[in-house]
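Work through the exercises below with the model open beside you. Try each task before reading its solution.

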Amino acid sequence: MSLENLMDEARKLDGRERRRLAAFLTTLRDESEPSFAEEMARVLDNNTPGHWFTLDDLKKRYANDDA
């Protein structure tokens with residue numbers, strides 16, 4: 001199955017299934033880039049609003065990421 005086929009199938013998923021798929025893909029990334037999980041945990045645990053990332057910030061940061 002090609003990546004395009006996988007992406008087409010992912011578009012057909014409902015919201016709950018997409019969240020499960022996103023979580024699964026994140027676990028795969030954690031295996032290939034151990035520091036990713038630590039960095040995301042640090043970001044999520046930060047209680048200072050000035051240090052929070054927006055969705056646009058994350059899209060810009062990871063848009064060209066091949067991991």
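The expected span of a helix is 1.5 Å times one less than its number of residues. Keep that rule at hand for the second exercise. Note that this is a predicted model.

**Exercise 1. The overall fold**

Task: State how many helices and strands the chain has, and how much of the chain is buried.

Solution.
- Step 1. Count the elements. The chain has four helices and zero strands.
- Step 2. Read along the sequence. The pattern is α-α-α-α.
- Step 3. Apply the cut-off for buried, under 20% relative accessible area. Buried residues account for 7% of the 67 residues.
- Step 4. Turn to the surface. About 5,900 Å² is exposed by the chain, and 55% of that comes from carbon and sulfur atoms.

**Exercise 2. Helix α3**

Task: Check the span of α3 against the expected value, then work out where its buried residues lie.

Solution.
- Step 1. Take the length. Helix α3 covers residues 34-45, which is 12 residues.
- Step 2. Compare the spans. From first C-alpha to last, α3 reaches 18 Å, close to the expected 16 Å.
- Step 3. List the buried residues of α3. They are Phe36, Glu39, Met40 and Val43.
- Step 4. Locate them around the axis. Their arc is only 95 degrees, so they sit on the same side of α3.
- Step 5. Recall the helix geometry. An α-helix has 3.6 residues a turn, so residues three or four places apart point the same way.
- Step 6. Look at the opposite face. Turned away from the buried side are the exposed residues Pro34, Glu38, Arg42 and Asp45.

**Exercise 3. Salt bridges**

Task: Find the salt bridges and describe the exposure of the partners.

Solution.
- Step 1. Set the test: a side-chain nitrogen of Lys or Arg within 4 Å of a carboxyl oxygen of Asp or Glu. Two salt bridges result.
- Step 2. Take the first pair. Arginine 11 bridges to aspartate 8, with the closest N and O atoms 2.8 Å apart.
- Step 3. Explain the spacing. Arginine 11 and aspartate 8 are about one helical turn apart, because three residues separate their positions in helix α1.
- Step 4. Take the other pair. Glutamate 9 and lysine 12 meet through their side chains at 3.1 Å, N to O.
- Step 5. Grade the exposure. Aspartate 8 is partly exposed at 38%, and glutamate 9 is partly exposed at 39%. Lysine 12 is exposed at 62%.

**Exercise 4. Nonpolar residues**

Task: Identify the nonpolar surface patch, then place methionine 1 and leucine 13.

Solution.
- Step 1. Name the patch. Met1, Leu3, Leu6 and Met7 form it, with about 460 Å² of accessible area together.
- Step 2. Place methionine 1. It lies in the segment before α1 (3-11). Its relative accessible area is 76%, so methionine 1 is exposed.
- Step 3. Place leucine 13. It sits in the loop between α1 and α2 (15-32).
- Step 4. Grade leucine 13. At 26% relative accessibility, it is partly exposed.
- Step 5. List its contacts. Setting aside neighbours within four places in sequence, leucine 13 touches Arg18 and Leu21.

Note on methods
Residues are numbered from 1 along each chain as its sequence is written. This is a predicted model: local features need pLDDT of at least 70, side-chain atom pairs count only at pLDDT 80 or more; totals for chains, interfaces and linings use all residues. Side-chain values use heavy atoms; hydrogens and water are left out. Patches are made of residues with over 30% relative accessible area and no salt bridge: like charges are joined within 9 Å, nonpolar side chains (Val, Leu, Ile, Met, Phe, Trp, Tyr) within 5 Å. Accessible areas come from the Shrake-Rupley method with a 1.4 Å probe; for residues, only the protein chains shown count as cover. Helices (H or I, at least four residues) and strands (E, at least two) are DSSP runs, numbered from the N terminus. Buried means under 20% relative accessible area, exposed over 50%, partly exposed in between (1.4 Å probe, protein chains only). The arc is that of the directions from the helix axis to the C-beta atoms. Contact means heavy atoms within 4.5 Å.
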